Amino acid sequence: MRAFADEWKHLFNGKMVYIILFVPIVVAAMFGYVFKNNQINDASIAVVDLDHSNYSRQLINKLDASQYIDVRYVQENEADPNLFLYNEKFFAVIYLPAGLEENRLKGIQSNIGFYVDNTMGAATGNLRSAVAEVISTENATLAGGSLKAMGLSDSQLTGMTTNMLLQQRLLYNPTNSTLMTSVIGFVNTVMISLIGSAALTIVPRLRVNGKLEGELEHWSNLLMRVLPYALVGCAAFYLSLGVLKQVGGLRFEANVWEISIPFLLFTTTLSLLGMALGWTAATPDKASSRIMLIMLPSFLLSGAQLPTVMLPGPLQTIGNILPLTWQFKFLRGMGFKGGGLQYFIPELGGFLLLLTGLLLVIFILMAREKRKWAKSVNTQDTQAAQPATP
């Protein structure tokens, strides 16, 4: 407990405890506010109506009635679609060809142009789906009317036009929220930077202060030194998520007590990883520069930027030795989907395996340090025992 208290004292003597607690909160508040309206429901479009018919106007009204489409401008003359998209006033342009109503009545196919600004792909996903749904509904309505005129009953008509009905329901909405991807990833990256940097310097600091040999006499002393950082980091996660819920409207459904276990496992394994990577550094300053060894692979391989299943197989395996990879499994499963901790036993096992592996590495480093220290002491004793040269 002496080492635990000593590390707490070191943590509170400087500004690190305030930095770990408040920097993630500031980041969460700032990004939560910036990305508060991150899903576009009324994407503005322009319609070029070359048909000038009652049906074309009805179709425009149906498009505008969708929650994802805002028909902001209708032009009745031929125009280049680029002219509507250059200045980003519209996300897309729909061309209704001449003869649309006449072709519909005759059962002749008409080609409707749909020009989407793909430079803003993240903003047009819902728009494309909504336009496709409106057109599909119109086609089904037309087919139904034609078949009914042929004498089919309503049940036969329904069976033919909607023989297989796909009832789609998007779960865990909003599924493409920037808060649940980029902002959460950035908050975790900040936490890695803060906790990892502090843990990297533990062993070099003790070595410079001449305390490392004393700490190695009892293996638990050194391990107790990571706990203050793990506990403060866990508290910072709770505060950051609370700010994101209040400021950005983050959807986070995890049980507040159950999520503490993966949070504590994440901050503990992250601290142990930092201690292991910083062990051989000569000074705390040199150890701090090794934070990129944690941040860069965590940013690329943990699933913070893209799903890990999109990575090559070997990189997925490497990603499993990163604490952030397991952290994101719990954030998505428990935080965003509302799953209970009992459904994540394999993930808990993975986290514990990682924790065990890191402890094993640190025990090996302890043994090497003690052997190195014993060899140095023996050399000094031998030199002291040799008679002085006359």
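Ring pairs join F237, Y238, F263 and F266 into a cluster. The model described here is predicted, and it holds 10 aromatic pairs in total.

**Aromatic pairs**

Within the cluster, the ring centres of Y238 and F263 lie 5.6 Å apart with their planes at 80 degrees, so this pair is edge-to-face. The contact links distant parts of the chain, since Y238 belongs to helix 12 (residues 227-248) and F263 to helix 13 (residues 260-278), with the two positions 25 residues apart in numbering. The partners differ in burial class: Y238 has a relative accessible area of 27% and is partly exposed, whereas F263, at 1%, is buried. The cut-off for the buried class is under 20% relative accessible area, so F263 falls within that class.

F330 and F344 form another aromatic pair, which is tilted, with 5.8 Å from centre to centre and 40 degrees between the planes. This pair, too, links distant parts of the chain: F330 lies in helix 17 (residues 323-336), F344 lies in the loop between helix 17 and helix 18 (345-385), and the two are 14 residues apart. F330 is buried, with a relative accessible area of 1%, and F344 is also buried, with a value of 10%.

| Pair | Centre to centre | Angle between planes | Geometry |
|---|---|---|---|
| Y238 and F263 | 5.6 Å | 80 degrees | edge-to-face |
| F330 and F344 | 5.8 Å | 40 degrees | tilted |

A ring also takes part in a contact with a charge: the charged end of K329 sits over the ring of W326, at 5.3 Å from the ring centre.

**Annotated segments and the nonpolar patch**

The unreviewed UniProt entry places the feature "transmembrane region" at residues 16-35, 179-202, 222-239, 259-279, 291-310 and 343-366. Two of these ranges can be set beside the model. Over residues 259-279 the chain is 90% helix and 0% strand, and the C-alpha atoms at the ends are 30 Å apart. Over residues 291-310 the chain is 50% helix and 0% strand, with the end C-alpha atoms 26 Å apart.

Which residues form a nonpolar patch on the surface? The patch consists of M292, L296, F299 and L300, which together have about 370 Å² of accessible area. L300 lies in helix 15 (residues 292-301). With a relative accessibility of 45%, L300 counts as partly exposed, because the exposed class requires over 50%.

Technical notes. Residues are numbered from 1 along each chain as its sequence is written. This is a predicted model: local features need pLDDT of at least 70, side-chain atom pairs count only at pLDDT 80 or more; totals for chains, interfaces and linings use all residues. Side-chain values use heavy atoms; hydrogens and water are left out. Patches are made of residues with over 30% relative accessible area and no salt bridge: like charges are joined within 9 Å, nonpolar side chains (Val, Leu, Ile, Met, Phe, Trp, Tyr) within 5 Å. Accessible areas come from the Shrake-Rupley method with a 1.4 Å probe; for residues, only the protein chains shown count as cover. A salt bridge is a side-chain nitrogen of Lys or Arg within 4 Å of a carboxyl oxygen of Asp or Glu. Helices (H or I, at least four residues) and strands (E, at least two) are DSSP runs, numbered from the N terminus. Buried means under 20% relative accessible area, exposed over 50%, partly exposed in between (1.4 Å probe, protein chains only). UniProt positions are given in the numbering used here, feature names are shortened, and annotations may be inferred rather than shown by experiment. Rings of Phe, Tyr and Trp (its six-membered ring) pair if their centres lie within 6.5 Å; planes under 30 degrees apart count as stacked, over 60 as edge-to-face and the rest as tilted. A charge sits over a ring if NZ of Lys or CZ of Arg is within 6 Å of the ring centre and within 35 degrees of the ring normal.
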